[in-house]
Amino acid sequence: MSSGGVFSQSAAEFEKRGPIPSWLVSQGRQYLVPFLGTAFTAWLIVVPLFFLIVSSFRSGTPWHPEAFTLQNYINAYSTSHTYVMFANTAVFAAASTLLSLVLAVLFAFLTERTDMPFRNVAWGLIIVPMAIPGLLFAVSWTFLLSPHIGLFNLWLRSAASFFGIEIAQGPFNIYSLWGMIFLDGLRGVTTIFLIIVGAFRAMDPSLEEASRAAGASNFTTFFRIFLPLLSPALLAAGMYSFMNSMESLEIPLVIGLPARIFVFSSYIYFSAQRFVPPQYGLSAALGASYLLISILLVFWYRRLIGDVRRFATVTGKGYRPRILQLGKWRHAAFALFVVYFAVTIAAPCFVLVWTSLLPVYTTPSWEALSGLTLRNYRAVLSLRQIQEAIGNTVIVALATAAVTMILSLIVGWTVVRGRIAKWRGFLDAITFLPQSLPGVIIGIAFIFLYMQPPLNHLGLYGSLWILVMALAVSYVAFGTRTMMGALTQIHQELEEAGEVCGSSWSSIMRRITLPLLMPAFISGAIWVASHALRNLSIPLILSTRGNPVLSVIIWHTWEDGYPGRTAALGVMLIGALAILAIAGRVMVHRLSRHQES
Amino acid sequence: MRTNFRLAVAAVTFLVFTSQPVLAQKGNLFNQLVDGSRAELEKKGGKLKMALDWPEEDAKPVLPHFQKAFPFIKQIDYVRETRSEPFGRYLVSAKQGVYPEYDIMHVASEFQAQYLKEGLFVKPRFDYKELNKFLPKEWGKIDDRAIDPKGYFLGTTGNARGHAWNPTLVPKGKEPTTWEACLDPMWKGKVVYDSRGKLESLQHDPKTRERTLKWLRGLRDNNVVLLRGQATVLQKVASGEFPIACAVNYHTTFRMIDQGVKTLAFAFADPIPLEIGTRLYIPSWSQVPATTQLFAVWLATAGGEFLEKHAYRGFPWDPKSKKYPMAKGKYIALCDAECAEKWEFYEKEHAELLGIPAAK
């Protein structure tokens with residue numbers, strides 16, 4: 001043997017055996033890509049959370065961690081504020097989920113199982129509220145339900161006055177826990193509706209018919225047959241909505257803070273950003289506590305989803321669900337959708353446009369019309385920071401969409417098609433975990449990781465890349481679910497046919513799997529981009545002068561006391577989101593048609 | 001003897017050489033400061049980047065007067081840096097070696113102690129008390145109360161607080177001209193207050209402390225609505241959402257009134273809390289320490305005239321200031337250096353009395 005060692009030996013063997021067989025290269029890629037994907041996912045999700053937990057047991061600052069201690073937990077749990085915050089969070093999340101569920105079930109039932117007029121229009125009206133970012137939704141409602149100048153309150157007071165009842169203020173006060181619940185409940189309807197509407201459509205009607213044959217009324221059938229059959233889907237959707245409410249930040253910030261109502265996310269934000277000096281240790285301890293709760297929630301949610309199969313009612317019998325005749329209530333049912341649309345879209349958009357055209361907010365009146373001006377639009381467009389933020393926001397949204405969906409594709413493929421069973425469960429679980437984590441916790445975990453020596457020398461804090469990575473963590477749960485769903489629909493025999501024809505793994509991926517996945521990939525990317533565009537909680541923690549994005553600028557403009565400029569920015573953002581949604585819809589439609597042809 | 005003589009000569013020579021800088025220092029310190037600033041600006045092509053907490057409409061009319069006084073400053077790019085949160089982020093960035101891009105910047109009062117602790121402020125080259133002796137006559141003198149006894153900063157503005165109200169909502173005779181007026185049960189749930197209180201001067205001054213603590217408790221019991229930011233609070237009053245805002249800045253209110261907002265009125269209650277604001281420190285990364293000092297000194301003396309005229313931030317004891325007639329005869333509580341050192345304690349106390357979470 002030559003002294004060249006292993007390399008010379010390999011070279012000699014290479015000469016003797018010839019080149020590496022193509023099957024080995026292909027097999028290698030089959031394992032390498034999932035391995036790299038798993039490693040990168042673990043780095044993105046697990047490592048920051050691990051550092052968050054470790055840091056919760058240390059004193060000092062993220063850039064200068066000191067001794068191990070329990071002091072952060074003692075500080076967190078030795079004040080009544082923490083327990084009040086726990087109670088507020090539980091009530092807020094549970095009550096808003098309940099409100100969303102009730103409305104979503106009602107709307108799903110009306111659109112899928114009744115003869116309500118304009119059902120397709122109603123379907124569309126349910127989806128539209130997603131276009132308004134949570135921050136702007138909350139801001140707009142401060143003008144609609146403020147106890148003194150809220151538009152709805154003013155109308156109600158005028159109506160009461162007409163009947164001789166004088167009310168000094170209110171009757172509703174948005175700056176309350178009930179105000180927060182009302183807004184979050186309204187915002188949650190679309191998500192729950194989309195989750196459960198399929199179950200309504202696909203339900204086997206024979207059970208209902210049996211109920212009716214036994215003499216039960218519509219009412220009894222609805223509560224004794226319909227709802228119990230749907231209960232697993234409702235529970236899973238409710239659980240998902242509950243996790244969303246737990247992590248919501250915008251409504252607790254805009255509505256909760258003025259009323260001194262703290263929930264988990266706003267309390268953590270407050271401790272990391274508003275305490276003097278900032279209490280990173282306390283926020284880490286609270287974040288770690290939340291992490292424990294969210295792991296339990298995710299575990300429970302996954303068990304629920306796993307059990308859903310037991311309640312399968314869609315059979316191969318080919319029934320069409322029976323359509324309930326609403327009779328004289330048909331138009332009243334549609335009116336309900338119109339009210340919902342007015343409350344969730346028309347009124348907030350109107351009040352935002354109105355506010356954006358006024359130098360100082362005044363309630364809508366004929367006299368105020370003479371004072372309308374485009375000054376706020378000119379002001380925001382002339383600010384250099386806003387021009388910079390618009391550019392940054394576009395970059396962050398596109399990069400987040402690309403990173404998230406590529407990662408989701410790899411993870412999805414590994415989970416659905418991967419040959420290493422051990423990775424599947426692990427990957428599936430860790431990619432779903434961020435779904436229940438508030439953006440502020442992800443942001444703080446990233447600070448703890450990337451401010452630790454030697455990682456602080458990377459200079460990631462304050463860059464666009466840290467935003468992209470943190471946002472990718474936040475949306476990877478959605479991305480992986482989208483890609484896993486799409487991969488499950490593509491039968492493996494297509495890929496096996498490729499293998500039989502002698503194609504390599506990469507060739508199969510490139511020529512068969514990826515083109516078939518493209519519509520799901522693009523619609524997923526559009527969803528991620530549109531959510532990254534408006535995400536506030538992560539940039540609020542990680543954005544600086546060096547990487548400003550639009551959502552943070554909108555929040556700061558609001559906080560600085562410029563409601564007109566906030567509204568002007570909001571109107572422009574909603575416009576951009578609407579254009580993005582329409583463009584995305586057209587693109588996905590064309591891609592699908594192209595594939596069909 | 002010869003050895004002693006040699007030693008004496010050596011000692012005298014050493015003293016002569018080492019005392020040169022001291023002697024130079026004892027020359028006209030102001031001229032040296034200007035020369036230092038000129039040299040700094042030459043290296044930067046005459047351009048300065050500045051970030052203060054004043055809105056653009058306050059800063060833009062003032063800064064050209066500074067340029068006019070020192071023509072070697074050819075351009076000032078101004079950015080408003082308000083609230084406290086950005087300074088927490090700057091601190092984090094600074095710890096990874098990335099510093100703010102500003103040549104001259106203020107740091108929110110909440111973070112000044114931490115920046116000092118982290119070594120992000122350095123002592124200026126010239127002591128402000130010494131510098132005071134060499135200022136041009138027409139500039140006047142720096143008020144001693146604005147100079148940090150430890151020598152790090154110079155306070156340049158007088159931020160005095162009073163109460164604002166919406167005259168269309170507050171009946172005559174019920175205007176909040178006293179502190180107790182904010183606690184009137186008729187305003188329960190209708191008083192809006194900036195949670196970034198800045199009443200440290202009242203909390204610190206033994207003459208006003210007990211009364212202030214009681215007032216804060218009363219404010220909480222009166223269901224005060226807490227918002228963040230002076231302009232936010234005043235917008236809510238101007239729009240009619242709330243009738244009264246307690247403890248708001250004179251300068252923010254009068255800027256809005258001068259911009260044509262007719263639904264705002266203002267009065268100082270007795271005592272007047274005064275924060276010596278826009279404290280200019282020399283950041284450790286500064287490329288223009290002399291210019292920073294020059295700007296601070298100019299602002300605290302010659303620039304005060306423009307500061308008062310355009311930014312309403314003159315000291316209330318200055319008879320030339322617009323607020324002087326309103327403040328005359330009222331007790332002014334000042335947050336001095338000792339008070340500033342206890343800032344974190346007062347912040348915590350303020351938050352706890354209002355029922356909002358605070359740092360341990």
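The following dialogue discusses how to read several features of a predicted model.

Colleague: How many helices and strands does chain A have?

Modeller: The secondary structure of chain A consists of 25 helices and two strands. Its radius of gyration is 27 Å, close to the 25 Å that the globule rule gives for 597 residues, so chain A is as compact as a globular protein of that length. Along the principal axes, its C-alpha atoms fill a box of roughly 105 × 70 × 50 Å.

Colleague: What percentage of the residues in chain A is buried?

Modeller: Buried residues account for 46% of the 597 residues in chain A. Regarding contacts in chain A between residues at least 6 apart in sequence, 78% join residues at least 24 apart.

Colleague: How many residues of each chain are in contact where chain A touches chain B?

Modeller: The size of an interface is often given as the accessible area lost when the parts come together. Here the description is by residues: 34 of chain A are in contact with 38 of chain B. On the side of chain A, helix H12 (residues 264–273) of chain A contributes the largest share, three residues. By class, that side has 17 nonpolar, 13 polar and four charged residues.

Colleague: How should one read the packing of helices H3 and H12 of chain B?

Modeller: Two packed helices are described by the angle between their axes and the distance between the axes. In chain B, the axes of H3 (residues 29–43) and H12 (residues 289–300) come within 7 Å and cross at roughly 125°. H3(B) and H12(B) are therefore oblique to each other, and the crossing is left-handed. Residues of H3(B) in this contact include B:Leu33, B:Val34 and B:Leu41, while those of H12(B) include B:Ala290 and B:Leu294. The contact comprises five nonpolar, four polar and one charged residue.

Colleague: Where are cis peptide bonds found?

Modeller: One is the bond from A:Pro453 to A:Pro454, with omega near 5°; A:Pro454 lies in the loop between helices H19 (439–450) and H20 (464–489) of chain A. Another joins B:Asp270 and B:Pro271, with omega about 5°. B:Pro271 is in the loop between strands S9 (265–267) and S10 (272–277) of chain B.

Colleague: Is B:Thr278, with its positive phi, buried or exposed?

Modeller: Phi of B:Thr278 is near 40°, and the residue lies in the loop between S10 and strand S11 (282–283) of chain B. B:Thr278 counts as buried because it has 23 C-beta neighbours inside 10 Å, the cut-off being 20 or more. B:Asn223 also has a positive phi, near 55°. With 14 C-beta neighbours inside 10 Å, B:Asn223 counts as partly exposed.

How values were computed: Residues numbered from 1 in each chain as written. Chains lettered and ligands numbered in written order. Predicted model: local features only at pLDDT ≥ 70, side-chain atom pairs only at ≥ 80, totals over all residues. Contact = placed C-beta atoms within 7 Å. Helix = DSSP H or I, 4+ residues; strand = E, 2+ residues; numbered from the N terminus. Nonpolar A, V, L, I, M, F, W, Y, C, P; charged D, E, K, R; others polar. Rg over C-alpha atoms; globule rule 2.2 N^0.38 Å. Buried ≥ 20, exposed ≤ 12 C-beta atoms within 10 Å, placed from the backbone. Axes fitted to C-alpha atoms, helices over the stretch in contact; angles between N-to-C directions. Parallel < 35°, antiparallel > 145°, perpendicular 65-115°, else oblique. Left-handed = near helix turned anticlockwise from the far one by under 90°.
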